[in-house]
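Trainee: I have a structure to learn today. Can we go through it by asking what justifies each label?

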Amino acid sequence: MAKKSTVKKSFLSGNEALARGAWEAGLKVACAYPGTPSTEILEALALFPELDVQWSVNEKVAYEVAYGAAVGGVRSLFACKHVGLNVAMDPLMTSVYAGVNAGFVIVVCDDPLMHSSQNEQDTRWVGIYGKLPILEPSSPAEAGAYVAEAFGLSERFDTPVIVRMTTRISHSKEDVAVGPRKEQAAKKLEKDMRKYVMVPGNARARHEILEKRLDKLRAFSEKTRLNKMELKNTAVGFLTDSVTYQYLKELYPDASFLKLGFLYPFCDEKIKTFAARVKKLYVLEELDPFIENHVRMLGIKKAKFKHPSYRTGELEPGLIGPLLAGQPKKIKPRPGRAPRLCAGCPHWSAFSVLKKLDLFVAGDIGCYTLGALPPTSALHTCICMGAGVTFNEGLRRAHPDGNIVGVVGDSTFVHSGVTGLINAVYNRARGIIFILDNSTTAMTGGQNHPATGRTIRNEPTRALNLKKLCEACGADSVDVIDPHGNVKELEALVKKRLAADALSVIICKHPCVLLKR
Amino acid sequence: MKQTVYNVTFGGVGGQGIIKASELLGWAALYDGYHVKKSEVHGMSQRGGSVESHVRFGKRVFSPLIGEGQADFLLCFHADEHPRLKPFLRKGGVDLAPFLARAQEMIDNPRCLNTALVGRLAAYLPIREASWQKALETVFPPKILDVNREVFAKAKALRDK
């Protein structure tokens, strides 16, 4: 084989390629809270010393810091997983009105099939709801190229831009051409109140501008090479996006394609032209009928769509044949090993006590969610980040004398548990909140957070003191205990606190067993 | 006929070095001038869950995933996982399962199992030795490079029983 090439190549994951592409495009500031499958984007960016990169407390904070930097005049990026974007929707919806100064890119990694998530919401709808453009790479190499494109479009159209990835793109690797960094001169920060102070009078005017901007983006969508028509054999045409394009290209290399890389706003004329050029038209996409609904709206009669059973989970090469034949999805179970708490994990001790006392345990997102699985089976709710704290309160409002407690991790407590604790104190709730403090963001691979006292680059910073924080919130008692090999003492403490008619915090502190490796 | 795309499926349990093994093959194919795609899911693999990695290389690769019955090679790191992974193998594909026990005997450090299996795989692939060596240097830190080179060479030179 061995074709000599002068292009420098590296073997990068979609996340790494995206980070590299953003760096090459002159990125300055990047913020995120860890979340599979998006975590490695910030980790890869942190390796470039000229960048200002941070783990933020949560996604809302990350969004606002990164967007603030863009308004301040430097190219910046916010990255999150799909459910992380929910936390940042508040700033997102209005930042689209205000627009940017330097380029601002929102990277969202969806998780079809929920490899490591609590739902499989489809971020593409945010384009319509939030009124902003969405770019969709179909491979790691495209992730790098598209993010650079996104910075340019953000500045050209004065709007935040979403780059939407999926687990399959974030976590697959490809040889990617790498190039030098193009520095961007910082833009001037001006006091432009009509643009950045979104009070009704200004926001009404900005909404008009936003609608006009969408028209311009629609026109751009028709012209851009990101929406690529590949006319070959016109007997069959595929209208598709994301990794589905790659599966179809593999199976039907001679078919015709319209690949939507600039997904939203849609290129209606191009779609109609493509539909007219091909005999049979299939609209194929993972998850929700996003492109499908639009094509139906365009009234393209010949278009064929997937059976609704394919709206869940990932597509994969083996599913394409039956899908095109109009058959409903048949899933062949390939049972794998379920994940479980590691041997030596400090959570074992805490959950063994909760199980023994037969408590109803409100939980949320983290390694400790695995406490719901046998043999402990001692976690009974998991909806979203921070809800271990608030669910304790809600459940107790329904069952004031119930044996109900809440668990939350250290990183999750800082993310969105502390607001729930303040609420519980303020509204005189009772119960025990366990902070299962393993001194890291464990589930996503061990990232630092405010209470570890270390930054994303592992540099020392002022450490948040969880005990003092809980005391300041007004909890009736705050105990710190090492649960590991200390089950009897922990059990006695829990019994004592349960007997008190109070709001107690018990911090079970022992480092994650993977931290030592 | 010369194959256009090579499909290799790796699988086992978290912590066995499966990701590293597929990384090694990926870099070797890249250094040899191929287009490479590798796909895996490692969301909760650190918690002992199943791990699966697909590597595809050739002149031009589209899908990052290998479909059932499409793998030319299967490298299974754990006997328990074999029934789950076997359906990936194409008719006439090479299953390195019989080599697993020999690989385990061959190595002093269980952490070298991945390199032993990839070394065996290397005997079947058209990738040149120089590209493998460059890949070994890329993937392993200097401290453990020599031991991995040794295991790789030994496994590659073995004769099939």
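**Reasons behind the labels**

Trainee: What makes S242(A) buried rather than exposed?

Mentor: S242(A) has 29 other C-beta atoms within 10 Å. The cut-off for buried is 20 or more. So S242(A) is buried. Keep in mind that this is a predicted model.

Trainee: Where does S242(A) lie, and what is its phi?

Mentor: S242(A) lies in helix α11 of chain A. Its phi is positive, about 50°, although S242(A) is not a glycine.

Trainee: D358(A) also has a positive phi. Is D358(A) buried or exposed?

Mentor: D358(A) has 9 other C-beta atoms within 10 Å. Exposed means 12 or fewer, so D358(A) is exposed. D358(A) is found in the loop between α15 (347-356) and β15 of chain A. Its phi is about 50°, and D358(A) is not a glycine.

Trainee: Why is G33(B) called partly exposed?

Mentor: G33(B) has 18 C-beta neighbours inside 10 Å. Buried needs 20 or more, and exposed needs 12 or fewer. The value 18 falls in between, so G33(B) counts as partly exposed. G33(B) sits in the loop between α1 (18-31) and β2 (35-40) of chain B. Its C-alpha atom is separated by 24 Å from that of G93(B), which is 60 residues away along the chain.

Trainee: On to helices. Why is α1(B) called oblique to α5(B)?

Mentor: α1(B) and helix α5 (residues 129-139) of chain B pack at an angle of about 135°. Roughly perpendicular covers 65 to 115 degrees, and roughly antiparallel needs over 145. About 135° fits neither, so the pair is oblique. The axes are 8 Å apart. The crossing of α1(B) past α5(B) is right-handed.

Trainee: Which residues meet there?

Mentor: From α1(B), they include L24(B), W27(B) and A28(B). From α5(B), they include W132(B), A135(B) and L136(B). The residues of this contact divide into eight nonpolar, two polar and three charged.

Trainee: Now the sheets. Which strands stand at the edges of the seven-stranded sheet?

Mentor: The order is β1(A)-β8(A)-β2(B)-β3(B)-β1(B)-β4(B)-β5(B), an open sheet with mixed pairing. β1 (9-13) of chain A and β5 (89-95) of chain B each have a single partner strand, so they stand at the edges. One side of each is left without a neighbour in the sheet. From one strand to the next, the twist averages 25°.

Trainee: How do you know that β8 of chain A and β2(B) pair?

Mentor: Pairing needs at least two bridges. Strand β8 (residues 172-177) of chain A and β2(B) have three, in the antiparallel sense. So they count as paired. E174(A) stands opposite K37(B). K173(A) has K38(B) as its bridge partner.

Trainee: What holds paired strands together in general?

Mentor: Strands of a sheet pair through backbone hydrogen bonds, either parallel or antiparallel.

Trainee: How many residues are in contact between the two chains?

Mentor: 29 residues of chain B are in contact with 35 residues of chain A. On the chain B side, β2(B) gives the largest share, six residues. That side divides into ten nonpolar, twelve polar and seven charged residues.

Trainee: What is the order of the five-stranded sheet in chain A?

Mentor: The order is β9-β11-β10-β13-β14, in an open sheet with mixed pairing. The edge strands are β9 (227-230) and β14 (303-304), since each pairs on one side only.

Trainee: What makes β10 and β13 of chain A a pair?

Mentor: They share five bridges in the parallel sense. The cut-off is at least two, so they pair. L239(A) has V283(A) as its bridge partner. Helix α12 (residues 268-277) of chain A packs on the sheet, at about 150° to β10(A). Helix α11 (residues 242-251) lies across β10, β11 (255-260) and β13, at about 155° to β10(A).

Trainee: Which peptide bonds are cis?

Mentor: One joins Y264(A) and P265(A), with omega about -5°. P265(A) is found in the loop between β12 (262-264) and α12 of chain A. Another runs from P374(A) to P375(A), with omega near 5°. P375(A) is in the loop between β15 (360-362) and α16 (387-398) of chain A.

Notes. Residues numbered from 1 in each chain as written. Chains lettered and ligands numbered in written order. Predicted model: local features only at pLDDT ≥ 70, side-chain atom pairs only at ≥ 80, totals over all residues. Helix = DSSP H or I, 4+ residues; strand = E, 2+ residues; numbered from the N terminus. Contact = placed C-beta atoms within 7 Å. Axes fitted to C-alpha atoms, helices over the stretch in contact; angles between N-to-C directions. Nonpolar A, V, L, I, M, F, W, Y, C, P; charged D, E, K, R; others polar. Parallel < 35°, antiparallel > 145°, perpendicular 65-115°, else oblique. Left-handed = near helix turned anticlockwise from the far one by under 90°.
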